[in-house]
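Subject: Structure for you to look at

Hi,

Here is the structure I promised to pass on. Have a look at it first, and then read on for what I found.

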Amino acid sequence: MMKKARSRRNDHFVTGVLHDQLHATFGYTAFRGVQADVIARVMAGARTLAVMPTGAGKSLCYQLPAVMLPGTCIVISPLIALMQDQVRAADAVGIRAATLTSADDNRADTMARFRAGDLDLLYVAPERAATPDFRDLLRQGKVTLFAIDEAHCVSEWGHDFRPDYRLLAPLMDAFPDVPRLALTATADAHTRGDILAQLGIPVAGMIVSGFDRPNICYAIAPRDNGTKQIADVIRATPGAGIVYARSRDATERLAAALAITGRPVRPYHAWLEAEVRRRHQAEFVASEDMVMVATIAFGMGIDKPDVRFVIHAGLPKSIEAYYQETGRAGRDGDPAIAQMFWGAEDFVRARQWLADVEPRRLPGERARLAALGALVDTGGCRRAVLLRHFGETPPDMCGNCDNCLIPPPTLAATELAQKLLSAVYRTGQNYGLGHIERVLTGQADDRVVQQQHDRLSVFGIVGSDEAPLLKPVARALMVRDALRTTAHGGLMLGPEARAILKGEQAVAVQLPPARPRRGRARSGDHPPDPIFDALRACRRALADAAGVPPYVIFHDATLRDMAQIRPRSLRDMALVSGVGERKLEAYGEAFLAVLKQF
Ligand SMILES: [Zn+2]
């Protein structure tokens with residue numbers, strides 16, 4: 001069968017069969033991104049490494065071949081929680097799947113099903129896969145494919161190296177005719193090379209999908225009244241979401257404050273009892289509208305596709321971390337929002353940390369911070385900055401970030417920046433922005449008079465028209481390290497001040513747009529739709545009855561498609577994207593009944 005797939009005569013036939021199966025099982029009419037390329041290689045028996053961003057549909061790349069080819073696909077996965085999610089989703093579309101882990105008490109039954117050829121997918125952890133017992137088991141059945149999920153765990157260069165992954169190559173070598181598919185969402189060039197070498201995959205077998213997540217709308221704004229800003233985003237964005245905060249305290253405080261949104265809110269951080277953490281996570285996964293306020297401890301191993309927003313209450317650690325954390329939004333491909341609120345003090349704090357960094361790591365850490373500065377400070381496309389950071393050459397405008405949707409007025413502010421820096425210098429690099437503003441705008445209050453700052457040449461040199469710009473200019477100067485704060489909260493010059501004062505470097509600031517940025521223009525917004533709401537209620541009831549999260553029944557996009565097409569029969573229902581044969585049979589009538597009410 002595999003050899004045949006290689007001949008040209010059969011290419012069209014195979015493509016047609018693949019599409020039929022895609023539609024029958026998953027209810028989709030087309031592959032996304034590089035899925036088709038990856039699956040074509042797998043079906044042809046070739047060894048492949050697929051580097052695909054989160055949400056690009058990685059698991060479909062082995063699930064579909066597993067359904068079509070005789071025998072069982074062995075899936076190596078590092079987390080039991082992830083495996084259980086996958087099995088639940090596979091069950092829902094009628095794929096025969098099971099896990100073989102220490103948490104399962106039906107292991108003998110699962111092994112019997114494997115021997116009998118009664119499983120499409122068998123999920124195991126790497127430590128079990130590496131045992132002689134497991135190798136013996138595999139000889140007693142038919143293995144059609146090895147799929148290694150989170151394949152970067154095989155590399156010491158990767159961020160979560162798992163030594164057990166090194167034992168997978170010998171296992172797979174014992175079955176030389178079985179194709180291998182390694183999958184990862186995050187891998188730099190170094191790690192990719194290592195994965196290829198460790199798992200015996202040829203360089204030509206690497207398929208890299210772009211880093212772009214077009215359905216995520218990126219928005220970044222200075223923090224003003226952080227809690228209110230966050231609450232506003234939550235109020236305007238239906239669906240479940242994550243708010244990342246810096247510390248345990250910030251997490252607890254924000255979670256309490258965000259209750260005013262009327263949404264269920266839970267905190268999540270490493271200091272909560274394990275049982276509480278587990279409960280909060282489970283509630284979040286099953287919820288359609290919960291807000292999880294969490295430290296970055298939250299997110300690993302969560303496979304919730306319908307997260308509609310990720311909000312950063314402060315500056316993330318790096319662009320890589322930002323990409324990974326925002327990447328948890330919109331994995332179902334539906335519109336989602338990534339909103340960051342940052343403050344100049346975030347940069348101040350980050351620079352203070354740099355003081356403790358080993359000297360050899362210092363240049364890298366500085367570059368990391370500068371890249372973040374460029375992302376928050378740009379008046380151009382956010383997506384373009386992100387993608388360029390990952391080595392891609394994106395178009396200048398994406399049309400789905402804050403700056404593309406409503407371009408912020410950009411103002412040349414070099415002269416004003418020079419005035420501000422001069423005033424900081426002449427007052428002795430000891431005063432906060434309020435005092436500096438009063439000096440520059442000529443307000444002789446007691447303190448100004450007492451310090452004789454009304455006699456300085458910088459007194460009153462900023463007119464009332466420019467005065468409102470002092471705050472944004474100060475913020476821009478702090479981002480680029482031309483201004484720093486003293487231990488007492490006063491302002492002092494930073495290393496980048498000199499070039500600006502000498503006129504060698506220009507300064508521009510982005511002003512907040514006149515209208516609020518959030519509005520109907522956002523692709524994340526959907527107008528209220530009673531049919532969609534009724535379908536959601538039906539989905540919730542079915543999910544509760546089956547004890548699964550709602551997205552396992554149908555994704556939001558499927559319900560929206562259904563609300564628009566309004567099928568009147570099971571045959572029409574089968575045309576809705578995301579409705580495969582199994583789900584049509586299981587849920588079709590229930591949703592038709594809802595639609596009949598409209
Ligand atoms: Zn853009």
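Ala 240 stands opposite Val 307 in strand 12. Strand 12 (residues 307–312) runs parallel to strand 9, and five bridges join the two. On strand 11 (residues 291–294), Val 291 is the residue opposite Gly 241; here strand 9 pairs in the parallel sense over four bridges. Two strands count as paired if DSSP finds at least two bridges between them. Strands (E, at least two residues) and helices (H or I, at least four) are DSSP runs, numbered from the N terminus.

Before going further, please keep in mind that this is a predicted model: local features need pLDDT of at least 70, side-chain atom pairs count only at pLDDT 80 or more, and totals for chains, interfaces and linings use all residues. Residues are numbered from 1 along each chain as its sequence is written.

Back to strand 9 (residues 240–244): five of its five residues are buried, meaning that 20 or more other C-beta atoms, placed from the backbone, lie within 10 Å of the residue's own (exposed is 12 or fewer, partly exposed in between). In a regular strand the side chains alternate between the two faces of the sheet. Ala 240, Ile 242 and Tyr 244 point one way from strand 9, while Gly 241 and Val 243 point the other way.

There is also an open sheet of seven strands, paired in parallel, with the order 3-4-2-5-6-1-7. Strand 3 (97–100) and strand 7 (206–208) have a single partner strand each, so one side of each lacks a neighbour in the sheet. From one strand to the next, the twist averages 20°. Within this sheet, strand 5 (residues 143–148) and strand 6 (residues 180–184) pair over three bridges, and Ile 148 has Ala 182 in strand 6 as its bridge partner. Helix 3 (residues 35–43) lies across strands 1, 5, 6 and 7, at about 165° to strand 1 (48–51). Such angles run from 0 to 180 degrees between N-to-C directions, with axes fitted to C-alpha atoms, for helices over the stretch in contact.

Finally, a helix pair: the axes of helix 19 (residues 414–426) and helix 22 (residues 470–479) come within 10 Å and cross at roughly 80°. That makes the two helices roughly perpendicular (65 to 115 degrees). Leu 416, Ala 417 and Leu 420 of helix 19 make the contact with Leu 470, Val 473, Ala 474 and Leu 477 of helix 22, where contact means C-beta atoms, placed from the backbone, within 7 Å.

Best wishes

Methods:
Two residues are in contact if their C-beta atoms, placed from the backbone, lie within 7 Å. Angles under 35 degrees count as roughly parallel, over 145 as roughly antiparallel, 65 to 115 as roughly perpendicular and the rest as oblique.
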